[in-house]
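Please look through the sequence and the 3D structure below before reading on. The paragraphs that follow lead from one helix to its surroundings, and then to the contact between the chains.

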Amino acid sequence: MSQPAAHLEALYHEHAPELLRYLARNAPTSADAEDLLHDTFIEAARFDERIEEAASPRAWLFGVARNVAAAFRRRLQIRRAAPLLGDVADARSSAADPRLEQLRAALEKLASPFRETLELRIRDDLSYAEIADVLGIPVGTVRSRLHAAIKTLSDELVPQSESQSSEPSP
Amino acid sequence: MNPKTLDALLLDRAAGALPADVAQLLDAYLGEHPADAIRGLRYSTTVDLIRAALPPAAKSADLRVPLFPAKRIEAARSRRRWLATLRPLAVAALIAIAFVLGQKLAAPPNRPEPITLVMAEAAASGGIWAYPAASVPPPSARPLAASSVRWSSPLRWPQPGGSS
């Protein structure tokens, strides 16, 4: 096996599980997610030299997976409506903490760029720099989006009066 | 501490993106500022709740990582190599086609029609008022025609008579 192929296979064994989880959120079935995972690596194989040059191969692969998933959604003409809610229905956790329902409603209202950034950080555990690589935006923008998202959700959870009293004094 | 800076640090810590040494310093600061500590706790609680609301994937139990698609990747690579080989040939073929088409479709050169000198009747008749007749110099003063000058070498003067 050639060196790039061996390198790609090593990356596959290392990152396929998390990429598959990421892609599963963008595909209607697990079979589709598996196909998308293969498509991601076939696409990655076209750019061996870029994998070698990438500061973080993991972030680079997430970026490829994101593009592959976007192309898939375009093909299927499906829009990513409330993707965070589609696979998070957990009756037990909702019963245990009523704030979860409130939070899910707030997540649904969150603008797509903020939600995607939050998802990549919280769900996929990507660093700020990796998220910046995946989304093709500056690290500062990642940070400000993430801060805005957490603050918005936090304000939704806290009753209005309490929120006003806990605002920082200038 | 600047409230905006503090807020950013609290949010970074809640998101789990604060370096350990900075987190330690922040904890020391929050120990002395309980109001700010409450705000930090609120952000951390929010992130914990987001984590609970967004588990890795509910379908993860059904997900099994398929085998590495070595054959498909190799097929894609060989297709790419083929295309890379064919590309210069395709470019050469296009250039050849363009050249041939250019030769066939090119318009013929726009050559000027040969000028024919027509002597006016008056000049031919040699009437007194005919301009050509009046302007024709006597044979001795006429310049030599270009065809009657011989210049065999740049080292010699041109000699009249003969053709060059």
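How far apart should the end C-alpha atoms of helix 3 (residues 34-53) of chain B be, at 1.5 Å a residue? The model in front of you is predicted, and its coordinates allow a simple check of this helix. Because each residue adds 1.5 Å, the 20 residues of helix 3 of chain B should span 28 Å, and the end C-alpha atoms are indeed 28 Å apart, which agrees with the expected value.

Helix 3 of chain B also has a number of buried residues, namely B:Asp36, B:Arg39, B:Gly40, B:Arg42, B:Tyr43, B:Thr46, B:Val47, B:Leu49, B:Ile50 and B:Ala53. What do these buried residues pack against? Their partners come from both chains: helix 7 (99-109), helix 8 (112-122) and helix 10 (139-157) belong to chain A, while helix 1 (3-14) and helix 2 (20-32) belong to chain B.

Turning to chain A as a whole, you can count eleven helices and zero strands, so that a reading along the sequence, in which helices are written as α, gives the pattern α-α-α-α-α-α-α-α-α-α-α. Of the 170 residues in chain A, 35% are buried. If you consider the contacts in chain A between residues at least 6 apart in sequence, 60% of them join residues at least 24 apart.

The two chains meet where 46 residues of chain A are in contact with 36 residues of chain B. On the chain A side, the elements that each give two or more residues are helix 1 (3-24), helix 2 (30-45), helix 7, helix 8 and helix 10, and helix 1 of chain A gives the most, with nine residues. Sorted by class, this side of chain A has 27 nonpolar, seven polar and twelve charged residues.

One helix pair that joins the chains can be followed in detail. Helix 2 of chain A packs with helix 4 (residues 70-105) of chain B at an angle of about 35°, their axes being 9 Å apart, and the crossing is right-handed. Here A:His38, A:Phe41, A:Ile42 and A:Ala45 of helix 2 of chain A meet B:Arg72, B:Ile73, B:Ala76 and B:Arg77 of helix 4 of chain B, a contact with five nonpolar, one polar and two charged residues.

Within chain A, a second pair is formed by helix 4 (residues 57-76) and helix 9 (residues 128-135), which pack at an angle of about 35° with their axes 8 Å apart, in a right-handed crossing. Helix 4 of chain A brings A:Arg58, A:Ala59, A:Trp60, A:Phe62, A:Gly63 and A:Arg66 to this contact, and helix 9 of chain A brings A:Glu130, A:Asp133 and A:Val134; by class, these residues divide into four nonpolar, one polar and four charged.

The largest nonpolar core has 54 residues, and those with the most contacts inside it are A:Leu19, A:Leu23, A:Ala65, A:Ile150 and B:Ile50. Leaving aside residues up to four places away in sequence, A:Leu19 touches A:Leu37, A:Thr40, A:Leu61, A:Phe62 and A:Ala65.

Finally, look at the loop between helix 8 and helix 9 of chain A, where A:Asp125 is found. Phi of A:Asp125 is near 60°, a positive value in a residue other than glycine. Is A:Asp125 buried or exposed? A:Asp125 counts as exposed because it has 11 C-beta neighbours inside 10 Å, and a residue with 12 or fewer is placed in that class.

Terms used: Residues numbered from 1 in each chain as written. Chains lettered and ligands numbered in written order. Predicted model: local features only at pLDDT ≥ 70, side-chain atom pairs only at ≥ 80, totals over all residues. Helix = DSSP H or I, 4+ residues; strand = E, 2+ residues; numbered from the N terminus. Expected span 1.5 Å × (residues − 1). Buried ≥ 20, exposed ≤ 12 C-beta atoms within 10 Å, placed from the backbone. Contact = placed C-beta atoms within 7 Å. Nonpolar A, V, L, I, M, F, W, Y, C, P; charged D, E, K, R; others polar. Axes fitted to C-alpha atoms, helices over the stretch in contact; angles between N-to-C directions. Left-handed = near helix turned anticlockwise from the far one by under 90°. Core = buried A, V, L, I, M, F, W, Y, C linked by C-beta atoms within 7 Å.
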